[in-house]
Each structure stands twice: as structure tokens, then as C-alpha cells.
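This report looks at strands, how they pair, and a charged part of the surface. Please keep the sequence and the model at hand while reading.

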Amino acid sequence: MKKILQASKYYLAAFILPMLVVVVTFGFRGIAPFGTNNILVSDLGTQYLPFFEFLRSQLVNHTFSMYSFMLSLGDNAIPIYTYYLMSPLNLLVVFVKATDVPVLMETIIILKIGLIGLSMSWFLKAKYQRQDLMQVVAAVAYGLCGFVAMYFYDFMWLEALMMLPLVTLGIERLFYKGKWGGYVASLFLIIFLNYYMGYMICIYSVIYFVYLVFLNRPARLGFWKYLIEHKTMTIKYVTSSIIAAMLSGFMLIPTIIGMLSTGKSSINPWDFVPKLRFLPSAFASFGVGSTNFVERLCHEPSFFIGSLFAIGLLIFWMSKRTNRRERKASFWLVGAIFFGMLITTTDTMWHMFQMPAGFPFREVYMLSFVMIMFGYQAWLNGSFKDNAVVIKAGLILAGLIVIGYGSIIIETMVPQRYYFQMSFYVANYWHIIPALLFVFATILVILLANRFGKRMWWLMLVLVCLEMGTNMWMALGGTQEYGNQAKFRKAFNQSTKIIKKTTSGQKEFGRIKVNNELYSQSFNTIYNQYNDSLLYDFFGVNSYTSSLNVHTHDALADLGLYSRNERRISSNGSTPVTDQLLGINQKIRIETDGKVGTIKNDDFTSLGYAVSKQIKHVKYDENEIFKNLNTLAQKESNTKTNYFVKSKINDVAVDANKDNYRYTVTLTPKISGMQYMDLATTSPNQELDVTVNGKKLDTSYLQLGSEIIELGDFEKGQQIKASFTSDSRILEMQPLFAGFNESEFTKFVQATKPYRLVVKQPEKLKYQGNHFSGTITTTKARPQVIISIPYDKGWQITDNGKPVQTYKVLKGLTGIKLAPGKHSLQFTYQTPGLKMGLEITIFGMIGVLLQLIIFRRKRK
């Protein structure tokens, strides 16, 4: 009992201390639940909060939908679950109100940091068969390393830091004792919790296995000969790795197939050209405060693990107590991870063959882990007792930090000399002072411990907590973007009531375009309302997720709807033609004071409609949006009517400066009615700066990029002077301006009404999108049906029980062909790859049984 209590106190300290440091740090920054601020910034506000609310809605309504119509036009929900929501801690969301989800997310982050520390402590105890205070110090250093300080906003990645020590321990037990169960279980678990980080840890597993071979291989025996000589161990490692991957097949295969339907499936060859990913300025990150929140999307690798273990690694390499084989093997382990980040080719491979869009160097926590491990090992073998080596190692670390800051100055000045814009390199040059002070303080405490005994290591624990907390506090700085929790709660509740009241009683399927300025103003950062449909339970168009179906993007971007990249789509830029196509029948604007403006058009209520067979022959020109919209409407109606009529361009003036071009265009409409401009590509998230006849355009949303803008209602022949900014040179202005022939389009809409797809019980699609039914009438002139669902092979459609073949139409939507008459359609979604994944998982289970039988017999 005494031994259990003795062990428990170390584990408890390893769990509680990192959390306590974060709590104090959050408290100093005034972050809820220890202050008035929340951290609904970056991906926490735009993705995690909506996805948590999506999970909460599923749990509260006792449903589990593999397809959701609230993910833009509809999308496979499996990649959302497997990438963002697999942590068991996320299930706590069912116990809180929607308005308290931000505080819950912050609480989960704190809990995960504690579990990271506990995992490190468990690993060190199991590996070295002892417990001591230094393991608690290591837990604090690992739980609050630079990766955590910079990347905790994407907190689904924190599972990887918890699992990495367990996977490492599993590899060691397999290698030294032949026990493979722990390795299979831990590797399967990280793939299950987050397949993206699981993929990285699979690469790490190979590197660590090779490290163990180098560490144990006699000098006389070659690498491959060693593997052959220990073939049982080698076979166990290979088969166990395969089995772990196979066990996760039930979720891994559907996820892979789902992700292959996103824009991330394309490979950029330039990302594999060998070049340096960072320069000596990265050494600054060995000290506190080199980076902060402002630089989270673009910064050098976060090497920070605190001064103690950075010095410890150097001591391990420099000490005579470290034998040559240990030193060489550690060079391989540290070097493989370090140089894997340094070279673009291998770094891209680390990141699933896609260069990260923000939050770079997502594998750096592995380097932190092995550096701490070797630092602890140096302490364990008594290398810290050599004062000369300690001082020398400390001075080298201080020198690296100085070199890092010096390099920052050079790396910044040279590009500026040639008028290149540089990203942030350092949070504050003065942070070198506390960074060096912590290094020298660490050296001093080690020297004091060597003279006055182990009691001084309690002082070291305090110093490490202070240093890691200081770095976390600095990393949280540099921004005024943190939101106010009370303001958020009020805006969320008010918006929920407004949208629920406005959209209640929806008897026919229709999508909604919501411009919620009330909710947007509760953030202290730019908020583009991408995933609000998940927050407020309505059918929309907007979406921002790494798993966005590429067909959604392709079908809408060429029709003028805004898309900054393959992960984002927005209803900004919609026109009556796209409103009908997508079934956008309501437009709601909620002002900052809570006033509501609503525009409703029941003529656009539909999930699809029957059109001419010519729709199969639509081809878009990516440079002419109005031409594309005309082509779409003409092919639908089988006419040659131009619903968008290009305006006459009278004069173009341009004022060029260093950053952009300011255009002033004088034009004359050729048709009366609403006039549109295809806003040329601009830097995203800038204030909309368009003036019409000297008056700034009255709109509240930001200039997001290339999209269609309403200039206003003008008469034919009336002169218009439009002025706007673009960051690109526009060679041809004619395609960018057009008037809309509303009367002709209204005729087409009215003629189409009898041929709309009527969905039964559309409200049910909010929580259960896998299955629904509808009716439609087709004719000989209208045999093709456009369904505004992104094309997905998972959809199975039957007409009165008979299968109907689907095909891709309009670059990404779903089309079917029906015989003339009335049709009763059944739509069923079968997740692509799920059956195959389950079969692979079953084979994995069989593999576990076979491995148990085979290796048990060999032992006998």
C-alpha cells in the first residue's frame, strides 16, 4: 500500500502541476473560466465551436448521421468526426449548454495538458524502472513545450502528445521483451483518436525502431544482418504495425476516401523540391517568448522545452558517461526528426504529402519528447554532476539563443533591403533577456544542487514551472483578439432565438443566407460566419473545414460565390441564378442591435428541379463569371437568352501603388435593373472599399476576395462610376460588369416551379441526413434533374424501388435522368469505404489472434 501511495504522488504531481501552470497563466491573461475573456480565436472560433455544437446536437437528439446537410450543401460527416471529434473528452459537451462550450473547450485543453504530463511520467517510470522528482519536472516540460504553447488552439492534436510516450514504450517492450500487445493497442489508439497525427507517429515509430537497432547492434554486425538475426522481433514489429493500422480500418478507410474527395487530394510538386524550411533564427525558440499568438500561422519550429532539458541533451552528448553507441544512436533519433523538418521534401511527407496551410512544423513535439528523454537520461546516469560540462552546455545553449536572435535581424533586414515582405520572425527582440536569464538561472540551480544535495531539485521544479509558464504567458500575448465570454453568450442566445423564430415551420426544403452581424461583433477578430449553420441548425451554403468536398468548391466558385481556398466556400456572391440552383429561399440580416431584416422567395424553395437535357453539356470559363451564369441558365431552359447583359465600358483609370491598384471605371448599363460587378481578386479580409458614383457601397461584410458584388439598381443608359481596389493588374474590364434581366429570369423560374423536387419532412435532414424521400415530375423537354447535393458515389437513389444512376453535373453537383412522369424518389447514403473498412478491421482482429497463436507456440 505504501508503494502504491508513493507512486501515486508522483503521477498526481505530473498530472496536476502542468494544469496548475496553465490555470495560473490563463488567469493572468483573464481567460475563462478564470476571467472574462474566451479563446474563440483562430480555428477554435471558426471550426471547433461549430463542430462541437454539431456533436452536441447529435448527442442531444440521440442521432448519429454519417451525412449532414448543414455542412455547406451537404457532405460526408465521417471526416469531421475522425479529424476533429474523436477524443472521449469531447463527449462532455452533452452536459453543458451551447453557450458554455467555449469554457468547456478551454477546460478540455487544460485536462489534456495534464494527461500529457501524466503520460510522460508513466513512460519514464516504465522505461527506467524508478520514480523520482525529475520525472515530475520532465512532465511539466513536456506538457507545456513549445508545441503546446503555440498549437493548443487546434487541441485535437494534443492527443498525439499523450500517446507518443505510450507508443514509444510499446516499441521498447516489443524490441526488448517481445511483448507486442501494448504497441498494437497504443498505435491503434492514436490512429483512432486522430488519424493525421497517427500517420506522423507511424513515421516516428519507424525512426525509433531504427534508433533501437543502432543502440543495440554490435559494431561487427551490419544493420540488415542484425534484423535477420533477430527476425522474430523484426517480424513482430512489422506485423504489429500492420495489424494496428488494419484494426483502425473501420474509420480509416472511409476517412481516406472522404478526404480524397477534398481539394487536399491534389499534390503540389513544388512542395517536394529540396530547400530549407527554416534558418538559424529558429534557435531563438530554445528560449522563452520567441513566438506568440500573432505568429501562430507562420513561424519557425517551436523547439522550446525549457532550459533544463535543452542543457540536459547537450550534457548527454558531451558527457564521458554517455558511451559512443548511445551518442551515435541519439544523433540518429534527434537528427532524423530535425532534418525531416528542415528539408521541404521530407517535411511535406511528414504532413501527409501536403504543405501545411498555417501552424507549420506539426511534428516538432516528437523532437521535444526525445530531447527531454535524453536530458532525463543524462541526469539519471550522473552526467549533471560534472560542473564543467554543465557550464559548457549552458553556454552553448545561450550561444544558440543569441545566434537565433542575431540571425533574425539579418534574415529580416536583407529581404527588406530588396523590398520583400517578411512574416513575423520574433514576438519581441527584448525577450532574449528573460530567455538568457532562465538559462543562467538553470545552470546556477544545477551547480547548487551538486553542492548542497538533492533538496535543491525542488527549487529546480519551481524554476521549470516558472519558465514554462512564462513562455505560455508570452505565447498567449501580442493580440487583442480574445473575445468576451459574457458578450458571446448574450449574442449567441439572442441569435439563436431570432434564427429559430425566422426559420421555424419550414415545410419545404430551402437554404438560408444569414448575415449575422450581431454574433460576428461578439468576436474581437474577423469572423466570416463559415460554419454558422452548425451553430444555429439551418441549411446554408457557407463552410470552412479541411474536409470540404471539392465538388462543392468547384461547382460554386465558377459561379461567383466566394472561395478563398479549397477549404472554404461562402454564399457571398450569390445571384438569383445561384439562389434558384441552390434553393436559397431566405436571406436574413441581423444587425448589431438585434434588428432583423428578412427577404423570402418561395420560388427558390427546392433541393433540385427538372431541366433540359442540355444541362449535361455545361462548360465553364473560370475567368468569366457572368458568362458562366448565362451558360447555366441557358442550358437549364434550352434557350439563348442572356440573363446577365454586359455593360458598356466607357473609361478606365488606374492608380497604381506599391501594394495594389485602384481602379475607377465609368460604365453604362445596357439593361435596367440590378447591376453586378465581378470583384477582381483582392487580399482577403480587407474592408470592402467599393464606391459607386462617389458613395461608398453600403455593405457590412468584408472584401473577402474574388466574388460578385451588387452595385445597385440602375436604369438602362444611366452612367455609373465605380471605384474599387485590387491587388492584381486587370487587363480586360469588360467581363466584370453586367446587368441582370430579372423579368426574363422570373419567367424561367415560374415555368420551372411544377418540376421542383419536393422533399418530404425536410426538417429531419438537420439531424439525420442519411435517408430521405421526395417527389418530382419530369417531361420529355425536362428529363434531367439537377440536385443541389455535391456529387458523391455514396448516394444511392431509387425511383419506385428501381435504382437510378447518378452522374456529376455542373462541375460538382448530382444529376439524374428520369422518364417523363411523376416519380417517387428514395435517397440513401452509404458511406464510401465503410464496408471495406469493417472487413479490414475484422482481418486485423484475425491477425491479432493468429499472432497470439503463432508466437505463443514459438515460446513453447
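## Terms and source

Helices (H or I, at least four residues) and strands (E, at least two) are DSSP runs, numbered from the N terminus. This is a predicted model, in which local features need pLDDT of at least 70 and side-chain atom pairs count only at pLDDT 80 or more, while totals for chains, interfaces and linings use all residues. Residues are numbered from 1 along each chain as its sequence is written, and side-chain values use heavy atoms, with hydrogens and water left out.

## Strands and their pairing

Two strands count as paired if DSSP finds at least two bridges between them. An open sheet of 5 strands follows the order β12-β13-β18-β15-β16, and its pairing is antiparallel. Its edge strands, β12 (648-656) and β16 (695-696), each pair on one side only. Within this order, β13 (residues 661-668) and β18 (residues 720-726) run antiparallel and are joined by 7 bridges, and Leu667 stands opposite Ile720 in β18.

Another antiparallel pair is made by β14 (residues 673-679) and β17, again over 7 bridges, with Gln675 opposite Gly712 in β17. Strand β17 (residues 707-714) is mostly covered, since 6 of its 8 residues are buried, where buried means under 20% relative accessible area, exposed over 50%, and partly exposed in between (1.4 Å probe, protein chains only).

## A lysine in a loop

Where is Lys780 placed? Lys780 lies in the loop between β21 (771-778) and β22 (784-790). Lys780 counts as exposed because its relative accessibility is 79%.
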